[in-house]
Amino acid sequence: VSQRLNPLATAKGQKLMCELTGKPASIVVNYFGVPYYYCDRQTLELDWNGIKHKIAQLLVPLRQPPSVIPSVEERERQERTLKKSRLGLIDLCRMEATKFLVHGDFELSIPGAVQA
């Protein structure tokens, strides 16, 4: 469920930008507890139908701030895991964008290409 953004609810100097276009955001939607910002409803739907429905859950650990881990070994292991996740996400996004291009759904290929 999307919500209109209240410009007075953001910190002074903070500018929320659209995930897809880079324009000022006017809508926020939460997928799996992670906020995503969009300039309009059409862009939100394009992003969801293009790639976000497949990757929203995969983005959760990548979008959250890193937890404080006491040992160097654990931090290195966490960094390796995040790197593998990022590389897998890039491959998936590229594959989806290519699939839409091949099928002639050019607009739906944009979100995957941007995310990759």
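Here are some worked exercises on the predicted model shown above.

## Exercise 1: Get your bearings

Work out how many helices and strands the chain has, and in what pattern they follow along the sequence.

**Solution.**
- Step 1. Start by counting: there are three helices and three strands.
- Step 2. Now read along the sequence, and you will find the pattern β-β-β-α-α-α.
- Step 3. For the overall dimensions, the C-alpha trace spans about 45 × 45 × 20 Å along its principal axes.
- Step 4. Finally, check burial and contacts. Of the 116 residues in the chain, 29% are buried. Among contacts between residues at least 6 apart in sequence, 42% join residues at least 24 apart.

## Exercise 2: Look for disulfides

Find how many disulfides the structure holds, and explain why Cys39 is not bonded to Cys18.

**Solution.**
- Step 1. The count of disulfides is zero.
- Step 2. Take Cys39. The cysteine sulfur closest to its own belongs to Cys18, at 3.8 Å. A disulfide needs the two sulfur atoms within 2.5 Å, so this pair is too far apart for a bond.
- Step 3. Now take Cys93, which is in no disulfide either: its nearest cysteine sulfur, again that of Cys18, is 16 Å away.
- Step 4. Add the surroundings. Cys39 is buried, with a relative accessible area of 15%, and Cys93 is buried at 0% relative accessibility.

## Exercise 3: Take apart the nonpolar core

Identify which elements supply the largest nonpolar core, and which residues have the most contacts inside it.

**Solution.**
- Step 1. A useful background idea is that nonpolar side chains tend to be buried together in soluble globular proteins.
- Step 2. Here, the largest nonpolar core has 18 residues, and those with the most contacts inside it are Val29, Tyr31, Tyr36, Tyr38, Leu44 and Ile55.
- Step 3. At least two core residues come from each of β2, β3 (34-38), α1 (41-63) and α2 (72-102). The largest share, seven residues, is supplied by α1.
- Step 4. Zoom in on Tyr38. Leaving out residues up to four places away in sequence, Tyr38 touches several residues, among them Cys18, Ile27, Val29, Tyr31, Leu44 and Lys52.

## Exercise 4: Pack α1 against α2

Determine how the axes of α1 and α2 are arranged, and which residues of the two helices meet.

**Solution.**
- Step 1. Two packed helices are described by the angle between their axes and the distance between the axes.
- Step 2. For α1 and α2, the axes come within 10 Å and cross at roughly 180°.
- Step 3. Angles over 145 degrees count as roughly antiparallel, so α1 and α2 are roughly antiparallel to each other.
- Step 4. Look at the residues that meet. The α1 side includes Ile51, Ile55, Leu58 and Leu62, while the α2 side includes Leu82, Leu89, Cys93 and Phe100.
- Step 5. Check α2 itself: its 31 residues reach 45 Å from first C-alpha to last, close to the 45 Å expected at 1.5 Å a residue.
- Step 6. Which residues of α2 are buried? They are Leu89, Cys93, Glu96, Ala97 and Phe100, and what covers them includes α1 and α3 (106-115).

## Exercise 5: Follow the chain past α2

Trace what comes after α2, and find which residues Ser109 and Ala116 contact.

**Solution.**
- Step 1. After α2 comes Gly104, with a positive phi near 85°.
- Step 2. Ser109 is in helix α3 and is buried, with 6% relative accessibility. Apart from neighbours within four places in sequence, Ser109 contacts Ala97, Phe100 and Leu101.
- Step 3. In the segment after α3 you reach Ala116, which is partly exposed at 38% relative accessibility.
- Step 4. The C-alpha atoms of Ala116 and Asp91 are separated by 7.4 Å, although the two residues are 25 apart along the chain. With the same sequence neighbours set aside, Ala116 contacts Ile90, Cys93 and Arg94.

## Exercise 6: Compare two loop residues

Place Phe32 and Lys12 in their loops, and decide for each whether the residue is buried or exposed.

**Solution.**
- Step 1. Phe32 sits in the loop between β2 and β3 and is exposed, at 51% relative accessibility.
- Step 2. Most residues other than glycine have a negative phi. Phe32 has a positive phi of about 55° although it is not a glycine.
- Step 3. Lys12 belongs to the loop between β1 (2-4) and β2 (27-31), and at 88% relative accessibility Lys12 is exposed.
- Step 4. To finish, the C-alpha atoms of Lys12 and Val1 are 26 Å apart, with their positions 11 residues apart along the chain.

Definitions and conventions: Residues are numbered from 1 along each chain as its sequence is written. This is a predicted model: local features need pLDDT of at least 70, side-chain atom pairs count only at pLDDT 80 or more; totals for chains, interfaces and linings use all residues. Side-chain values use heavy atoms; hydrogens and water are left out. Helices (H or I, at least four residues) and strands (E, at least two) are DSSP runs, numbered from the N terminus. Buried means under 20% relative accessible area, exposed over 50%, partly exposed in between (1.4 Å probe, protein chains only). A nonpolar core is a set of buried Ala, Val, Leu, Ile, Met, Phe, Trp, Tyr and Cys residues joined through side-chain atoms within 4.5 Å. Contact means heavy atoms within 4.5 Å. The expected span of a helix is 1.5 Å times one less than its number of residues. Axes are lines fitted to C-alpha atoms, for helices over the stretch in contact, and angles run from 0 to 180 degrees between N-to-C directions. Angles under 35 degrees count as roughly parallel, over 145 as roughly antiparallel, 65 to 115 as roughly perpendicular and the rest as oblique.
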